[in-house]
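Please take a moment to look over the chain shown below before reading on. The paragraphs that follow begin with one residue and its surroundings, and then widen the view.

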Amino acid sequence: QQISWTPLLLLGYLFYLLLGAMVFQLLEKQAETHFRDQFQLEKLKFLQNYTCLDRQALEQFVQVLMEAWEKGVNPEGNSTNPSNWDFSNSFFFAGTVVTTIGYGNLSPSTVAGQIFCVFYALFGVPLNLAFLNQLGKALNAHLLTLERWVQKPGRAQVQCQFAIFSHYFKTRAIFLTAGTLLFLVFPPLVFSYVEGWSYGEGFYFTFITLSTIGFGDYVVGTNPNKHYIPVYRSLTAIWIVFGLAWLALVFNVGADLMERYLQLKWHKSDLSLAEGDTTKLEDEPEQPRIHIPS
């Protein structure tokens with residue numbers, strides 16, 4: 001009997017969202033309340049120290065700071081801060097547009113820039129997907145080469161399902177380990193050194209970026225107190241493109257691995273049922289066969 005998995009998948013999806021909502025609320029709500037109260041306390045202290053200001057003037061100044069941040073201007077530092085729209089930063093922004101990361105810390109403020117961004121993304125996102133698809137195929141071709149290299153002589157004659165699955169898993173494990181080191185383990189070390197983040201913050205930024213979630217709470221090259229090399233953000237954009245292709249292939253490999261595992265379990269279950277049916281037929285006495293003429 002064929003079973004429709006759509007209702008079960010829908011229920012599982014909703015349950016996963018509800019679970020995530022409850023956990024995030026449990027972990028973050030209390031901290032948010034603490035930060036909000038601390039911010040209000042700091043505003044009261046500021047008014048007490050500077051009695052020439054009233055609350056309305058302070059709120060207006062806070063609004064100016066928020067508008068500056070939304071326009072991509074860092075309130076820290078002074079007017080000598082590097083521009084957000086030099087070539088390196090613009091190249092980085094273009095990469096976040098076509099890869100749909102969209103950190104949210106920087107966006108076009110002019111009408112012409114906003115209109116161009118729409119059409120740039122309209123053609124750039126499909127182009128990026130096509131490029132990542134070809135890059136993924138190239139990585140997959142190297143993966144197949146690695147698979148043939150890992151395969152031992154004589155293994156091809158063994159057509160056991162378990163042996164095939166084990167060989168597939170070993171090859172993918174080598175690929176995942178190398179890619180994890182290159183795109184997830186080593187880059188946070190660089191970001192920690194350059195940006196002054198902890199390793200955990202660098203790893204968090206790395207995964208949030210390569211998965212195209214892009215919250216914008218951590219973005220490279222935005223600290224006004226640090227001096228970055230001109231090509232820093234451009235090199236980061238190139239790293240993002242290759243990391244996106246690798247992580248997309250990882251997701252595909254993971255789905256394929258789970259499918260092969262389920263097929264293996266299903267194959268073993270069918271074999272067990274077939275052996276049980278054979279034993280049952282051998283134990284039962286042979287029934288007379290009825291010949292029906294055509």
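**From one residue to the whole chain**

Once its neighbours within four places in sequence are set aside, Phe-191 is in contact with Gly-196, Trp-197, Gly-202, Phe-205, Thr-206, Val-220, Tyr-232, Thr-236 and Trp-239. These contacts are read from a predicted model, and that should be kept in mind throughout.

Phe-191 also has a place in a wider arrangement, since it is one of the residues with the most contacts inside the largest nonpolar core, a group in which Phe-92, Tyr-103, Val-220, Ile-240 and Trp-246 are named as well. This core has 25 residues, and at least two of them are supplied by each of the helices α4 (111-150), α5 (161-195), α6 (199-210) and α7 (232-283). Which helix provides the largest share of the core? That helix is α7, from which 11 residues of the core come.

From the core we can turn to the surface, where Leu-181, Phe-186, Leu-189, Tyr-199, Phe-203, Tyr-204, Phe-207, Ile-213 and Phe-215 form a nonpolar patch whose residues together have about 820 Å² of accessible area. Helices α5 and α6 each contribute at least two residues to the patch, and it is α6 that gives the most, with four residues.

Two single residues help to show how burial is judged here. Tyr-204, a member of the nonpolar patch, lies in helix α6, and it counts as partly exposed because its relative accessibility is 31%, a value between the limits of 20% and 50%. Gly-124, by contrast, lies in helix α4, and its relative accessibility of 9% is why it counts as buried, the cut-off for that class being under 20%. The C-alpha atom of Gly-124 is separated by 9.7 Å from that of Thr-100, a residue 24 places away along the chain.

Stepping back to the chain as a whole, the reader will find seven helices and zero strands, so that, by the way such elements are assigned, the order from the N terminus on reads α-α-α-α-α-α-α. Of the 294 residues in the chain, 25% are buried. If one takes the contacts between residues at least 6 apart in sequence, 62% of them join residues at least 24 apart. The chain exposes about 21600 Å² in total, and carbon and sulfur atoms supply 66% of that area.

Definitions and conventions:
Residues numbered from 1 in each chain as written. Predicted model: local features only at pLDDT ≥ 70, side-chain atom pairs only at ≥ 80, totals over all residues. Heavy atoms only, no water. Core = buried A, V, L, I, M, F, W, Y, C linked by side-chain atoms within 4.5 Å. Buried < 20%, exposed > 50% of the residue type's maximum accessible area, 1.4 Å probe, protein only. Contact = heavy atoms within 4.5 Å. Patch = residues over 30% accessible without salt bridge, like charges linked within 9 Å, V, L, I, M, F, W, Y side chains within 5 Å. Areas by Shrake-Rupley, 256 points an atom, 1.4 Å probe, with all protein chains shown as cover. Salt bridge = Lys/Arg side-chain N within 4 Å of Asp/Glu carboxyl O.
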